[in-house]
Amino acid sequence: MSDRFQLWSQKTRKVFARALRGKTQTSNFDSRQFRLLVITQFFPPDYAATGQLIYELSQQLSKQDVAVSVFTGQPGYAYEQKQAPTVEIDRLVRIQRARFKQFYSKRIRSKTLNGIIFTLRSAWYLLRNARHYDAVILTTAPPFLSIIGYIASWISKLDYICLVYDLYPDVVVELGVISAQNPIAKLWHKLNSAIWHRSSEIVVLSETMKQRIVAQHPAIADKISVIHNWADPAWIKPIPKAQNWFAQQHNMSDKFTVLYSGNLGHCHDLDTILNAAKLLRQEAIQFVFIGAGAKYQHCRQTVAEFELNNCLFLPYQERENLPYSLTACDLALVSIAPGLEGVVAPSKVYGIMAAGKAIAAVCEPHSYLRQLITDAHCGAAFDNNYSQQLAEFILTLANNSDLTNSMGDAGRNYLQQHFTPQLIAQQYCDVLGVDSNWAGDRYEHLLYGMVENQPTFK
């Protein structure tokens, strides 16, 4: 059976199943549209990467024959805005937020409580409104959210797709929070097995993540799709540092700058990077860390202890500053801590490629990042703890601007061919069984005409 026939057969079965369910159309969208609900705890104005990605994905899918609604929480990782509208329309995407405010979210207990409350609120919303939708995408934010898809599927026969950003309980096991033999870990694996077997599809972010799941649950291999994250090359574009206000403001234009942007968390190898900074302390090279996280204080203490004057720390930036912060460097860093390959997948790599910057990845030998960087010819990868080799690579690029620029250009070209929002949205449409034909004039018509007469959800 050819791949084309399998894809056609998959789409046909899904369309036929929706027709049999006889769902009632509840909005002014064309009745042929696929009605999709996405549930995720984080969404703009939160700066959490998962929320930003879901925002971009929902906007892109809305330009296809997909009527997208999002159910999310109130801001937990925003800068100034602590409360967002309960209901709003952003272009063609309908956004509904839970009413409760999140607790102080830097503590693990608070994060867990926030996640439990949001899951319960999401379950109530989904069970009351399942009839309005053809399918629901459930993210791993919070990690136990997919349970409600399992429940809704039994009650209302609603198709659900699991979007796995981080693989649980593997994350907490690899970090040593609980052991693999812990009853919680065992129960979690059993729940995953039941949830994934009943799901319509499973989307993961890397081939190594798929391999990790298949090793534990081989029977579901056929329903797992690998769809990478993405970046918009029309929004993030190369900007010369001399013309970049962010580089000028933070004195990044006169030195070779190595950037780490994003979460400084347990899942990232920062010691290898800091040790490279130690080795290069006498060179005209500076390291810039933008972000925060569980290892932030450790990084600051290490820099202070060794008096590393070549390191600068900046806070998370507003989303609109991202095209400038990512292009203010010469080389950008991506890292995955030992044991966590296939458990997490850094989304920052795609923004770096869009920015046209060379990449140095710190990861295990079997990491998907190595194949990606090799295929794109956009940098190099180094084993964890190989700080000397990383430092030598940085020094090589600092002394060879042509090589640095050619790697950055190659990475951007590769992203434009494989990881744009339009290309990734087509892959999600394939998973949903929806024709990925851009709506064109119809999209523009709906954009200005659909805000009135919106459906009522509870």
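Q: Why is Asp383 counted as partly exposed?
A: In this predicted model, Asp383 has a relative accessibility of 24%. The buried class ends under 20% and the exposed class begins over 50%, so a value of 24% places Asp383 in between, as partly exposed.

Q: What makes Arg370 count as buried?
A: Its relative accessibility is 19%. Buried requires a value under 20%; therefore Arg370 belongs to the buried class.

Q: How do you know that Arg370 and Asp383 form a salt bridge?
A: The N to O distance between their side chains is 2.5 Å. The limit is 4 Å, so the pair qualifies as a salt bridge. Arg370 belongs to helix α13 (residues 368–376), and Asp383 to the loop between β14 (379–382) and α14 (387–398), so the contact ties together parts that are 13 residues apart in sequence. Elsewhere, salt bridges with shared partners join Asp170, Glu174 and Arg212 into one network.

Q: What makes the contact between Asp134 and Arg35 a salt bridge?
A: The closest N and O atoms are 3.0 Å apart, and the cut-off is 4 Å; the pair therefore satisfies the criterion. Asp134 is in the loop between α3 (108–129) and β5, whereas Arg35 is in strand β1, so parts that are 99 residues apart in sequence are tied together. Both Asp134 and Arg35 are buried. In total, the structure has seven salt bridges.

Q: Why is Glu56 called buried, and why is Arg319 called partly exposed?
A: Glu56 has a relative accessible area of 17%, which is under the 20% limit for buried. Arg319 has a relative accessible area of 30%, which falls between 20% and 50% and therefore makes it partly exposed.

Q: How do you know that the salt bridge between Glu56 and Arg319 links distant parts of the chain?
A: Their side chains meet at 2.9 Å, N to O. Glu56 is in helix α2 and Arg319 in the loop between β11 (311–314) and α11 (322–325), 263 residues apart.

Q: What places the charge of Arg319 over the ring of Trp235?
A: The charged end of Arg319 lies 4.4 Å from the ring centre of Trp235; the distance limit is 6 Å. Likewise, Arg198 lies over the face of Trp154, at 3.8 Å from the ring centre.

Q: Why is the pair of Phe43 and Tyr55 called edge-to-face?
A: Among the 13 aromatic pairs in the structure, this one has ring centres 5.8 Å apart and planes at 65 degrees. The centres must lie within 6.5 Å, and an angle over 60 degrees counts as edge-to-face, so both conditions are met. Phe43 lies in the loop between β1 (34–39) and α2 (49–62) and Tyr55 in helix α2, 12 residues apart. Phe43 is also buried, because its relative accessible area is 2%.

Q: What makes the pair of Tyr168 and Trp188 stacked?
A: The centres are 5.7 Å apart, with 15 degrees between the planes. Planes under 30 degrees apart count as stacked, so the pair receives that label. Tyr168 is in the loop between β6 (159–164) and α5 (170–174), and Trp188 is in helix α6 (residues 183–198), so parts that are 20 residues apart in sequence are tied together. The relative accessibility of Trp188 is 18%, so Trp188 counts as buried. The peptide bond from Tyr168 to Pro169 is cis, with omega near 5 degrees.

Q: What makes up the lining of the second largest cavity, by class?
A: The lining has eight nonpolar, four polar and one charged residues. This cavity has a volume of about 90 Å³. Of its 13 lining residues, the closest to its centre are Thr140, Pro143, Ser146, Val164 and Trp196. β6 gives the most to the lining, with three residues.

Q: Why are Asn251 and Glu307 called exposed?
A: Asn251 has a relative accessible area of 62% and Glu307 one of 58%. Exposed means over 50%, so Asn251 meets the criterion, and so does Glu307. Asn251 has a positive phi of about 55 degrees although it is not a glycine, and Glu307, also not a glycine, has a positive phi of about 50 degrees.

Definitions and conventions
Residues numbered from 1 in each chain as written. Predicted model: local features only at pLDDT ≥ 70, side-chain atom pairs only at ≥ 80, totals over all residues. Heavy atoms only, no water. Phe/Tyr/Trp six-rings, centres within 6.5 Å; stacked < 30°, edge-to-face > 60°. Helix = DSSP H or I, 4+ residues; strand = E, 2+ residues; numbered from the N terminus. Buried < 20%, exposed > 50% of the residue type's maximum accessible area, 1.4 Å probe, protein only. Lys NZ or Arg CZ within 6 Å of the ring centre and 35° of its normal. 1 Å grid on protein atoms, 1.4 Å probe; cavity = no way out; pocket = protein on both sides within 12 Å on 5 of 7 lines; lining within 4 Å. Points joined across faces, edges and corners; volume = space filled by probe spheres on them. Nonpolar A, V, L, I, M, F, W, Y, C, P; charged D, E, K, R; others polar.
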